[in-house]
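Welcome! Take a moment to look over the sequence and the 3D view, and then we can walk through them together.

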Amino acid sequence: MKLLNDMYLFVEVAKAMSFSRAAESMKMPSSTLSRRISSLENEIGLRLLHRTTRKLELTEAGQIYYQRCRRIVEEAQLAHEQLGGMLAQPSGLLRVLLPFDFSSIFLDSLLAEFASLYPGISFEFDITERKVDLFSASIDVAIQVGELFDSGLIARKLVQLPSYLYASPRYLANMEEPTHPSQLVQYDCLCLPHVKTWKLKHSNEKVEVKVNGRFIVNTANMLCRFGVLDLGVLMLPKLIVADDEENGRLKRILHDWEGEPVSIYALTETRLLPAKTQLFIEFLQKKFN
């Protein structure tokens with residue numbers, strides 16, 4: 001990289017035929033520029049510039065070196081400009097792995113907005129609950145909801161959503177509304193797989209409740225449907241149940257209590273991302289926050 005930088009400095013001096021003018025255009029001290037060119041000449045083992053008190057001239061070696069270096073520097077500058085253009089207007093196919101809940105709740109409106117911002121990007125979405133190997137499936141980014149596992153992937157947190165307790169008005173009409181989480185053992189609780197306890201907190205008080213229920217469901221959407229059908233109490237982020245709560249199908253209970261937050265992550269193979277992937281992740285982070 002230092003060699004390429006010194007080539008650039010030499011080309012600018014050769015164009016200006018003046019250390020002072022070249023240094024001024026690059027906003028660096030003339031003495032520093034002269035020292036870098038001298039160092040370059042020492043590395044090459046040939047004099048590139050003939051210096052006198054009145055003028056600066058290219059030597060025969062300097063003329064040959066200038067012609068070669070100028071093309072190299074121009075190609076490097078062009079590469080930067082093209083990559084800058086890709087960042088401003090990225091293009092290509094973006095492959096995204098999504099869990100069903102995320103896609104059904106967030107994808108439609110967010111995708112439409114992102115797609116309108118970057119018309120050069122096309123999309124391929126794999127909507128599934130299964131774990132997929134990003135390395136072998138040619139996936140650019142995977143969205144994961146909940147606990148992270150050590151997969152060797154790079155995880156970027158998109159948002160952390162607090163969870164609350166909900167039930168349908170008709171269910172609560174048949175069961176007296178609880179006043180403390182410890183009473184939830186008397187209720188049908190709608191649970192995700194492998195969830196045996198609900199952890200809730202209020203101010204400095206923390207409670208763990210062993211939940212019981214007839215229904216275990218592996219998607220948040222289905223938990224909401226079961227709740228609307230008066231089948232029990234559920235604990236989910238407000239963002240997921242917002243529509244059902246707004247329309248009166250679900251009611252928040254134990255308002256002072258909050259469940260464990262649910263985190264949503266974007267997973268990638270590497271930190272070095274193409275513009276299309278980086279912009280998609282940044283867009284989601286901005287929208288959630």
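## How confident is the model?

pLDDT is the predictor's confidence in each residue, on a scale from 0 to 100. What you see here is a predicted model, and its chain averages a pLDDT of 86, with 93% of the residues scoring at least 70.

Confidence varies among the elements of the chain: strand S10 (residues 251-253) has the highest mean pLDDT, 95, and helix H6 (residues 134-137) the lowest, 58. Where pLDDT is low, the predicted coordinates should not be read in detail.

## Strand S3 and its partners

A good place to start is strand S3 (residues 92-98), which runs parallel to strand S4 (residues 121-127) and is joined to it by seven bridges. In this pairing, Leu-93 stands opposite Ser-122 of S4. Together with helix H5 (residues 100-117), S3 and S4 make a right-handed β-α-β unit.

S3 also pairs with strand S5 (residues 141-145), again in the parallel sense, over two bridges. Here Val-96 of S3 faces a partner in S5: Val-141 stands opposite.

## Inside the cores

The largest nonpolar core holds 24 residues, and Ile-143, Leu-158, Ile-264 and Leu-284 have the most contacts inside it. At least two of its residues come from each of S3, H5, S5, strand S6 (154-167), strand S11 (258-268) and helix H10 (275-288). H10 gives the largest share, six residues.

For a closer look, try Ile-264: beyond its neighbours within four places in sequence, its contacts include Phe-102, Phe-106, Ile-143, Leu-158 and Leu-161. There is also a second, separate core of 22 residues, with Ala-22, Ala-23, Ile-37 and Leu-48 among them.

Conventions:
Residues numbered from 1 in each chain as written. Predicted model: local features only at pLDDT ≥ 70, side-chain atom pairs only at ≥ 80, totals over all residues. Heavy atoms only, no water. Pairing = 2+ DSSP bridges. Helix = DSSP H or I, 4+ residues; strand = E, 2+ residues; numbered from the N terminus. Right-handed = clockwise from strand over helix to strand, strands pointing away. Core = buried A, V, L, I, M, F, W, Y, C linked by side-chain atoms within 4.5 Å. Buried < 20%, exposed > 50% of the residue type's maximum accessible area, 1.4 Å probe, protein only. Contact = heavy atoms within 4.5 Å.
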